[in-house]
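Trainee: Please take me through one part of this model closely. I would like to see how its pieces pack and touch.

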Amino acid sequence: MLSELSSFTRRLARFITNSGEAARTEPQVAPAETFAVLALDLFRLQYSLNVPYQALCRARGVRPDTIHDWRDIPAASTSAFKEFEFSCLPKDEQTGGFESSGTTRTVRSQTFHSAESLRVYEASLLPWFRRHLLPEIPRNPPAGQPGLAFLSLTPSRADAPRSSLVHMLDVVSRQGWFADALFAGQTDEDRGWILELDRIHAWLHGVIQKRSPVLLAGTAFNFVHLLDALQVRNLKLRLPAGSRIMETGGYKGRSRELTREALHAGLARRLSVPPEYIVTEYGMTELGSQAYDHVAGESPVDRALRFPPWARALVVSPETGTEVPEGQAGLVRILDLANAFSVLAVETEDLALRREHGLELVGRHLESEPRGCSLMAV
Amino acid sequence: MKSLLNLPQCYLADLPEEAEHTPALVTEAWLAVQRNRERHLAPMGTDVVIRVVAGAAQLWLEADSPFMRAALEFGPQELGFSRQTLEAGLRELFGSLTAPQLEAWIEQDLGHPRRLDEFCASAVERGSRRRSRAVGPRTLAHVTAGNIPASAVLSLTAGLLVRSAQFVKCATARSLIPRLYAHSIREVSTPLASCLELAEWPGKREDLLLALIDPAECVTATGTDAAVAAVRQHVPVNKRFVGHGHKVSLAYVAKEDLTAGSLPQLIEALAGDVCAWDQLGCLSPHVIYVEAGGAIGAERVAAGLAEALARMEETYPRGPLPEKQAANIRSRRSLYEIRAAHSEETRLWQSPASTAWTVVYESNPRFQTSCLNRFIYVKDVADLEAALQGADDVRGRVSTVALAASGARAPELARGLADWGVHRICPVGAMQKPPVLWRHDGRPALGELVRWTDLEEP
């Protein structure tokens with residue numbers, strides 16, 4: 001069965017390549033192999049290879065032969081990743097994995113990876129990232145024109161080896177797209193991420209002098225820390241034209257919370273990056289694919305988050321579990337073919353409005369995890 | 001919504017939602033109720049006040065009561081309860097406000113039925129040649145919680161009995177029932193109702209809160225610990241402050257009471273406790289502990305409870321939930337679903353295609369705070385000691401324990417619960433039906449408000 005999963009990943013790779021090409025040339029072209037076919041095939045494989053997932057399906061009275069629509073594929077909740085190993089990989093093939101963020105006191109979600117599953121992860125990550133953050137990437141910058149620089153406000157992979165976001169940015173930084181790259185965050189003793197501000201300041205100063213546009217990536221709270229530090233020092237940096245920002249991942253109590261508009265306005269003011277060059281990313285440890293709200297440099301139409309063609313997002317009613325009509329709110333459920341080696345259908349604890357072409361998040365990280373000593377609000 | 005109600009504009013809370021509130025407006029309202037109190041309420045006898053309160057409560061219970069009708073017409077949308085659940089809760093609440101109960105409340109808390117009218121003496125006081133009189137605060141401000149309407153109604157009632165001019169700041173969008181209660185009092189006695197003011201304004205209006213607190217001799221606050229602390233920090237030390245922070249409740253079923261014969265009745269009673277006010281009150285159970293070793297196990301109790309909750313949904317449906325709360329239930333269910341798929345130590349029963357009710361059986365005795373709205377844990381436990389150990393995280397915060405026990409075990413278990421710090425022990429099925437004279441958080445509600453004057457005889 002595991003070899004069938006390997007052959008599935010080859011089909012998936014072709015699907016990704018084809019849909020990438022289709023997206024670039026003729027967005028309406030339906031690929032020969034459809035998402036629906038791949039999803040149902042993958043479900044069948046995961047049902048037999050992923051033990052806790054099979055138990056979940058059985059508890060719901062679902063077998064592969066009872067599912068005919070990809071929308072009906074049973075979803076595992078993100079909270080279940082905290083207690084169960086949702087993996088199709090035998091123990092001896094697991095070479096590592098990721099953990100969701102959180103303090104030393106919280107239980108974290110876990111995912112498991114092998115060299116092969118990481119290849120799938122990267123195959124999914126790179127084209128969709130590039131399409132949204134580097135649409136006009138100057139592969140070979142004309143002579144005399146400086147190349148793009150990359151600054152991640154997260155810690156480096158050496159410092160945060162279990163973070164899927166750090167892994168993602170690390171992979172991005174090693175594609176030969178950037179003339180220079182820096183990971184300028186550190187982890188503190190409570191697993192929090194902090195910034196090396198002097199280093200960031202000096203590095204940004206350098207790229208400004210070289211007139212090298214920069215891609216700045218980090219979590220929303222990373223950026224709030226940066227903005228606060230710049231404010232304390234009364235600094236405004238004029239990043240070179242073409243500079244862009246990818247922000248992701250909410251606040252998690254790590255900083256004061258800003259609305260997206262306020263965060264983007266602050267970034268525009270302090271770093272001279274206009275809002276159309278600020279891209280919001282939505283991803284999580286439990287997913288192999290990511291969603292973005294628009295293409296850097298284009299003016300955002302609705303800032304709805306969009307997944308790539310090999311992942312589909314549903315917004316489901318928390319009451320009934322069925323898809324809500326457009327404009328209504330519900331829980332985000334994602335079916336992600338890049339989760340080939342774990343569970344393709346994942347129901348998050350994030351609330352979003354269903355938009356015509358994507359999602360608009362309205363609340364992240366509900367407090368569903370039961371805790372004995374934390375009392376509910378009355 | 002408010003204007004649809006068509007009530008005369010007697011209180012700030014009767015104004016349309018868009019009405020602007022200012023500290024000057026609050027101060028002015030305070031002056032009016034203080035004046036009216038001196039003129040009408042201060043000289044009023046206890047018997048008259050009790051007659052008015054009991055009369056107003058009676059107005060809610062009459063056939064075709066306009067107050068009940070208005071509450072049931074607008075309440076479901078404003079407060080989020082189904083009509084049936086709201087009606088059952090309100091009937092229970094106003095049914096408890098009878099003249100004999102109100103008299104008993106005064107006698108219980110203050111030791112003599114005429115205590116608020118004149119110097120009088122209990123047997124002990126007579127023995128020490130003293131007579132005493134209790135006097136309520138001239139001005140009493142309340143900041144009330146919005147989870148269920150009962151606490152605001154009871155706070156107002158206590159303030160009337162001790163003859164205070166009162167100003168109630170209702171939780172946002174939760175003024176309907178307290179307002180209707182004030183109007184029902186007005187129906188019986190306009191002068192007495194003129195000593196009340198009710199308002200609602202969005203939280204975080206510190207200027208209004210300060211204007212509310214400033215003239216008050218005593219301030220009460222109910223709500224989350226954070227909400228109570230937010231009020232308390234503005235109350236100067238020379239004023240009395242009565243705070244009721246967040247509490248949780250649970251049920252305990254002794255093994256002797258678990259027989260095939262008693263099971264149906266027990267389960268109906270427990271289902272009633274879970275469904276009353278949709279489990280949103282501090283007296284509603286989060287966890288039902290079932291003692292092991294009886295003829296019936298916890299799992300069977302849980303299964304029976306699930307069936308009973310499904311039946312209750314037909315007759316007393318749960319109110320509709322905002323997405324976030326429904327999502328909380330859905331997410332939490334999914335966690336127990338997968339645990340249940342892997343181990344017999346967890347089982348889950350849930351309403352199909354809705355979040356209306358959920359029963360989680362766990363063998364793990366650790367107390368879990370429920371996400372409420374009819375989400376109940378049933379847990380196996382060896383004995384009371386194990387249950388209390390499991391609930392150690394919430395020790396000091398447990399208000400009510402519904403105890404299903406009989407014979408010699410009942411007093412033994414009650415003693416154990418009292419020693420551990422439980423404030424109220426009641427039969428199953430009565431958790432949200434405390435008598436009006438119950439001691440809220442273990443303290444005498446009227447006793448908390450008054451000050452005493454002792455008169456020693458020569």
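Mentor: Here is a close look at chain B, from a helix pair out to its contacts.

This is a predicted model, in which local features need pLDDT of at least 70, side-chain atom pairs count only at pLDDT 80 or more, and totals for chains, interfaces and linings use all residues. Residues are numbered from 1 along each chain as its sequence is written, while chains are lettered from A and ligands numbered from 1 in the order in which they are written.

Start with two helices of chain B, α3 (residues 46–61) and α6 (residues 99–110). Helices here are DSSP runs (H or I, at least four residues), numbered from the N terminus. The axes of α3(B) and α6(B) lie 9 Å apart, at an angle of about 135°. Each axis is a line fitted to C-alpha atoms over the stretch in contact, and angles run from 0 to 180 degrees between N-to-C directions. The pair α3(B) and α6(B) is therefore oblique. The cut-offs are under 35 degrees for roughly parallel, over 145 for roughly antiparallel, 65 to 115 for roughly perpendicular, and oblique for the rest. The crossing of α3(B) with α6(B) is right-handed (the near helix is turned clockwise from the far one by less than a right angle).

Which residues in α3(B) and α6(B) meet? From α3(B) come B:Thr46, B:Ile50, B:Arg51, B:Val53 and B:Ala54. From α6(B) come B:Ala99, B:Leu102, B:Glu103 and B:Ile106. Contact means C-beta atoms, placed from the backbone, within 7 Å. By class, this contact of α3(B) with α6(B) has six nonpolar residues, one polar and two charged. Ala, Val, Leu, Ile, Met, Phe, Trp, Tyr, Cys and Pro count as nonpolar, Asp, Glu, Lys and Arg as charged, and the others, Gly among them, as polar.

Now the domains. Chain B is assigned domain 1 (2–246 + 440–456) and domain 2 (248–426); such bounds come from an automatic or database domain assignment. The C-alpha centres of these two domains of chain B are 32 Å apart. Their contact takes 14 residues from domain 1 of chain B and 16 from domain 2 of chain B. Helix α5 (residues 83–95) of chain B gives the largest share of the domain 1 side, four residues. That side of domain 1 of chain B has five nonpolar, eight polar and one charged.

Last, the partner chain. In chain B, 33 residues are in contact with 30 residues of chain A. Helix α15 (residues 323–342) of chain B gives the most to the chain B side, with 15 residues. The chain B side divides into 13 nonpolar, twelve polar and eight charged residues.

Definitions and conventions
Two residues are in contact if their C-beta atoms, placed from the backbone, lie within 7 Å.
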